[in-house]
Amino acid sequence: MHELSAANQLLEKHLPNAEFDRLVKSQKLLHDCKKGNFDKLRDMGLIKFPKKRKEYTLTTPEKEKEIREKCAEVNELRENGMLAAQACKHAGVPYQTYAEWCSRFDIEMPARKRMVDVKRVIELINEGNRISNVAKKLHHSIYSINCALAEKGYKYNKNKVEVVKL
């Protein structure tokens, strides 16, 4: 009996009652978390579960038709030479929404290569416009215009400001 009281005094000396109670409580909390017993923790106000999101609903046929028309409008603008972000802004649709719609409804997004109208580029350059001005006018980069010209077998001659056939 004397040994127990000596051990108790030793514990009291190093660990006061309040500290001991706090440690026991934190260990119980950890134990409950590991066990998955969240009901008591929720009742105590220690945790909150996230609100459930409403379930995804299928788009009505009318709404899907509107979405497809908007995507077709953006695609047409892109095929006429606009960049995707500019075409979306012109159509009044955020780019991310447009990309999501195309993915969800299996609508093909035009590739950037097809967007440069080489005939129009050649025409503008041969009128005396520099490639940088043509790029600004058609909303393309100089690099994409040069790539499209090379793909069709042409090259821009910056000294003479003309497009030549390779």
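**Cysteines, one helix and its neighbours**

Colleague: Starting with Cys-147, is that residue buried, partly exposed or exposed?
Modeller: Cys-147 has a relative accessibility of 34% and therefore counts as partly exposed, where buried means under 20% relative accessible area, exposed over 50% and partly exposed in between, with a 1.4 Å probe and protein chains only. Bear in mind that this is a predicted model, in which local features need pLDDT of at least 70 and side-chain atom pairs count only at pLDDT 80 or more, while totals for chains, interfaces and linings use all residues. Residues are numbered from 1 along each chain as its sequence is written, and side-chain values use heavy atoms, leaving out hydrogens and water.

Colleague: And how many disulfides are there?
Modeller: The count is zero, taking a disulfide as a pair of cysteine sulfur atoms within 2.5 Å. Cys-102 is in no disulfide, and the nearest cysteine sulfur, which belongs to Cys-71, lies 4.0 Å away. Cys-102 itself counts as buried, because its relative accessibility is 4%.

Colleague: Switching to helices, at what angle do H8 and H9 pack?
Modeller: H8 (residues 131-138) and H9 (residues 142-151) pack at about 100°, and their axes are 9 Å apart; helices here are DSSP runs of H or I with at least four residues, and strands are runs of E with at least two. The axes are lines fitted to C-alpha atoms over the stretch in contact, with angles from 0 to 180 degrees between N-to-C directions. The two helices are therefore roughly perpendicular, a label given to angles of 65 to 115 degrees.

Colleague: Which residues meet there?
Modeller: From H8 they are Ile-131, Ser-132, Val-134 and Ala-135, and these meet Ile-142, Ile-145 and Asn-146 of H9, with contact meaning heavy atoms within 4.5 Å.

Colleague: Which H8 residues are buried, and what covers them?
Modeller: Ile-131, Val-134, Ala-135 and Leu-138 are buried, and they fall within an arc of 100° when seen down the axis of H8, so they line one face of the helix. The cover includes helix H7 (118-126), H9 and strand E1 (154-157), whereas Lys-136 and Lys-137, on the other side of H8, are exposed.

Colleague: Where do positive phi values turn up?
Modeller: Among them is His-139, just after H8, at about 60°. Asp-106, with phi near 50°, is in the loop between helix H6 (95-104) and H7. Val-161, whose phi is also near 50°, is in the loop between E1 and strand E2 (162-165).

Colleague: Buried or exposed, those last two?
Modeller: Asp-106 counts as exposed at 71% relative accessibility, whereas Val-161 is buried, with a relative accessible area of 16%.

Notes
Angles under 35 degrees count as roughly parallel, over 145 as roughly antiparallel, 65 to 115 as roughly perpendicular and the rest as oblique. The arc is that of the directions from the helix axis to the C-beta atoms.
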